[in-house]
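Visitor: Could you take me through one part of this structure closely, namely a strand together with the strands around it, and then set that part within the chain?

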Amino acid sequence: MQVSDDLVPDGLWDHVAPLLPPRPPRRRRYPGRLPADDRAALRGIVYVLRTGVTWADVPTETIGWCSGVMCWRRLRDWTEAGVWPRLHAILLAELRTADLLDIDDAAIDGSHVRALKGRAHTGPSPVGRGRSGSKHHLITDRYGTPLAVSVTSGNRHDVTQLMPLLDTIPRIRGLVGRPRYRPRRLFADRGYDYDKYRRLLRARGITPRIARKGTAHGSGLGKTRWVVERTMSWLSGYRRLSPRYERDPRNYLAFLGLAAALCCYKRLICLTT
């Protein structure tokens, strides 16, 4: 059986393995079927994230001896254990240690995705003829490294998630001194042009760089803000995210958080090897 190491390379597995919760003790007195391998389950999760296939179509010859249903169960359990936010925070700290993270300048944006199955965090999309949709909200550093992500219904305004998204940026360690979790300047498009939120940002010591409504294009903010749109396109390359297939918003947010962590890992590997 040929197992693909491209899905979960050794470096990524070394980051994930210590974060996984311990398995509960076996109740049976006599040995029975062994539990599925955690690394094979992670391969299945990444495979579904990349390709968008259903759990029933996960190929065991690619990921190892682990069924798609078991991969889904491990995703559920690891999400409840908080594995993906901790993985993301660890990778951000390593990027900061390698001087590959610039949190002084941050950019924020939102993006609509079609929701095919409805349920929580979906709503009529104003850019999709009122069809059910969700919205990704993303904040990145100056290089486009994802710092925090969230999901709302498709009819929520971008600016309503400005402060909650800032609050979810982890405390990024990696250097001597206090952890960083607050940018000094925040770049955003005209959707965030509200004086109330400018005041809230300044109260936190953040200088807003937000384009004004009704003004001509060419403010120059795009020279810094374009990275968040590029990262949005990276995330949309994971076919399980766009369109949205997940009914449970926790699983969908888990996939989005894992995709953000994979973006951080790829940046770390590409620029340090």
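Guide: What follows starts with strand pairing, moves to one loop residue, and ends with the chain as a whole.

This is a predicted model, in which local features need pLDDT of at least 70 and side-chain atom pairs count only at pLDDT 80 or more, while totals for chains, interfaces and linings use all residues. Residues are numbered from 1 along each chain as its sequence is written, and side-chain values use heavy atoms, with hydrogens and water left out.

The chain has nine helices and six strands, where helices (H or I, at least four residues) and strands (E, at least two) are DSSP runs numbered from the N terminus. Strand E5, residues 185-188, pairs with E6 in the parallel sense over four bridges, pairing being assigned if DSSP finds at least two bridges between two strands. Within this pair, Phe187 stands opposite Arg209 in E6. Between E5 and E6 the chain passes through helix H7 (residues 195-203), and this β-α-β crossover is right-handed; that is, with the strands pointing away from the viewer, the path from the first strand over the helix to the second runs clockwise. E5 also runs parallel to strand E1 (residues 105-114), to which three bridges join it, and here Phe187 is the bridge partner of Ala107.

In a regular strand the side chains alternate between the two faces of the sheet. Strand E6 (residues 207-210) has a covered face with Pro208 and Ile210, and an uncovered face with Thr207 and Arg209.

Turning to the loop between strand E4 (146-153) and helix H6 (162-167), one finds Asp158 there. Asp158 counts as buried because its relative accessibility is 13%, and buried means under 20% relative accessible area, exposed over 50%, and partly exposed in between (1.4 Å probe, protein chains only). The side chains of Asp158 and Lys135 are joined by a polar contact of 2.9 Å, a term for a pair of N or O atoms within 3.5 Å, where within protein one must be able to donate a hydrogen and the other to accept it, and residues adjacent in sequence count only if both atoms are side-chain atoms. Leaving aside residues up to four places away in sequence, Asp158 touches Asp109, Gly110, Lys135, His137 and Tyr192, with contact meaning heavy atoms within 4.5 Å.

For the chain as a whole, 48% of the 273 residues count as buried. Of the contacts with a separation of 6 or more, 67% come from residues 24 or more positions apart. Along its principal axes, the C-alpha trace spans about 70 × 50 × 30 Å.
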